[in-house]
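Here is a walk through one protein chain, from a few single residues out to a sheet and some helix pairs. Have the model open as you read.

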Amino acid sequence: MNNILFESKYYKFWYENVELLGKGDVQVQLRKFEKYLLLRRFQGELDFDKFHASQKYPGSFRPIQEYFIDQYVEYLLTDYRASNFVMYNAISSLKNFFSFLYDMDLIQHNPMEDYPNPYYDRPIKNTALSKEECLTLLEIALKKEPFFRQEFVLIWFMLITGARNSEVRFLSEDSVNLESRIVLIRNGQKGDARPTSITTALSEELRRYMNHPNYISWTDNNNDTLFFKKKKRLTSPGLRKVVRDLCFEANLSRVITPHDLRRTSGYLMQSAGINMVAIQKQLGHQILSTTLRYVPPLNDLAEILVRSDDSSS
């Protein structure tokens, strides 16, 4: 099938639903990506959630990963001899395409989420929360729900771990070891797990949360995700709404997204003196250059780690 991408459910849904003035320009770049898929001998129905066969576990698959995009970029540079202008448009188009699919819950992992685009010189927008914004968000979440504290735990967890939207939504109870303070985070529903650490105070708050009657009732109904909302699993738009509503209630001057919490986590770790390789592993970045975009100096943010611990006592 020569139109492996353009006849896929992904492209059809994108084309019918995306609102984009330059849709035709994106189509041109997607056709190049389709050509590359064919060169790599992809056949059958395209499934971005089951894209790579696992070498460790025969018969299991992983979602499309950032390193595949790296290989496509290398192909454009060497075989296609693309100019900087073409490279910028190619990466921007894939960012638009995959971000839309991820936001619509059509894929479990966005390989372009943190992907750099160095082919056009533009300043990087700093979307990390300030110390005051972090404290305000946590305080509002705690006051809003002082007994179950679900949203308080959720925001605190994301600030400490830097987990992605999909990683938070699919996190299961058996992935959390409160004694060792290690959480195994999967990139999407079936991705390989990576260990991430949590603070002692957050571990104790998670223990209290998991022993609450509301949480026990959730797990007694054969549910295994750590976080939920209104007795239903969290969706990607649902998680964004939780964060957005808290921002509104906290009277913040801007709307915060789950990804902003992830970026803030990188700043917090850097401010606490954690080295870049450890931050890279905690955030689950494939390449160190992505991590370096997260952590320009913001030394005053380290205080949030202590003050947020105090707010739970």
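Let's start with a histidine: setting aside neighbours within four places in sequence, H212 is in contact with F147 and F148. H212 sits in the loop that links α8 (200-210) to α9 (213-220). Loop or not, H212 counts as buried, because its relative accessible area is 16% and the cut-off for buried is under 20%. The side chain of H212 also reaches the backbone nitrogen of N214, at 3.0 Å. Keep in mind throughout that this is a predicted model.

Zooming out for a moment, the protein chain has 14 helices and 7 strands. Of its 313 residues, 50% count as buried. As for contacts between residues at least 6 apart in sequence, 65% of them join residues at least 24 apart.

**Two more buried residues**

Is R169 buried or exposed? R169 counts as buried, because its relative accessibility is 5% against a cut-off of under 20%. This arginine belongs to helix α7 (residues 165-169). Its side chain makes a polar contact with the side chain of N165, at 2.7 Å. Beyond the neighbours within four places in sequence, R169 is in contact with Y102, D105 and Q108, and also with T225, L234, T235, S236 and L239.

Next comes L261, in helix α11 (residues 258-271). With a relative accessible area of 0%, L261 is buried. Leaving out neighbours within four places in sequence, L261 is in contact with L129, L137, I155, M158, L159, V243 and I256. L261 and G162 are 99 residues apart along the chain, yet their C-alpha atoms are separated by 6.8 Å.

Here are the three residues side by side:

| Residue | Where | Relative accessible area |
|---|---|---|
| H212 | loop between α8 and α9 | 16% |
| R169 | helix α7 | 5% |
| L261 | helix α11 | 0% |

**A three-stranded sheet**

Now to the strands. Three of them, in the order β3-β4-β5, form an open sheet with antiparallel pairing. The edges are β3 (176-177) and β5 (193-197), each of which pairs on one side only. Strands of a sheet pair through backbone hydrogen bonds, either parallel or antiparallel.

How many bridges join β3 to β4? There are 2 bridges between β3 and β4 (residues 182-186), and one of the pairings has N177 partnered with I182 of β4. The hairpin of β3 and β4 has 4 residues between the strands, and R181 takes a positive phi near 60° in that hairpin. On the other side, 5 bridges join β4 to β5, again running antiparallel. There, L184 has P195 of β5 as its bridge partner.

In a regular strand the side chains alternate between the two faces of the sheet. You can follow this along β4: V183 and I185 point to one face and are buried, while I182, L184 and R186 point to the other face and are not buried.

**Two helix crossings**

Finally, two helix pairs. The axes of α1 (residues 9-17) and α4 (residues 84-103) come within 10 Å and cross at roughly 95°. That angle makes α1 roughly perpendicular to α4. From α1, the contact draws on Y10, Y11, F13, W14 and N17, and from α4 on N96, F97, F100 and L101. Sorted by class, the contact of α1 with α4 has 7 nonpolar, 2 polar and no charged residues.

The other pair is α5 (residues 131-144) with α10 (residues 236-249), whose axes come within 9 Å and cross at roughly 95°. So α5 is roughly perpendicular to α10. Which residues meet here? From α5 it's L137, I140, A141 and K144, and they meet L246, C247 and E249 in α10. The contact of α5 with α10 divides into 5 nonpolar, no polar and 2 charged residues.

One last thing to look at is L137, which takes part in the contact of α5 with α10 and is also in contact with the buried L261.

Key. Residues numbered from 1 in each chain as written. Predicted model: local features only at pLDDT ≥ 70, side-chain atom pairs only at ≥ 80, totals over all residues. Heavy atoms only, no water. Pairing = 2+ DSSP bridges. Buried < 20%, exposed > 50% of the residue type's maximum accessible area, 1.4 Å probe, protein only. Polar contact = N/O pair within 3.5 Å; in protein donor to acceptor, adjacent residues only side chain to side chain. Contact = heavy atoms within 4.5 Å. Axes fitted to C-alpha atoms, helices over the stretch in contact; angles between N-to-C directions. Parallel < 35°, antiparallel > 145°, perpendicular 65-115°, else oblique. Nonpolar A, V, L, I, M, F, W, Y, C, P; charged D, E, K, R; others polar.
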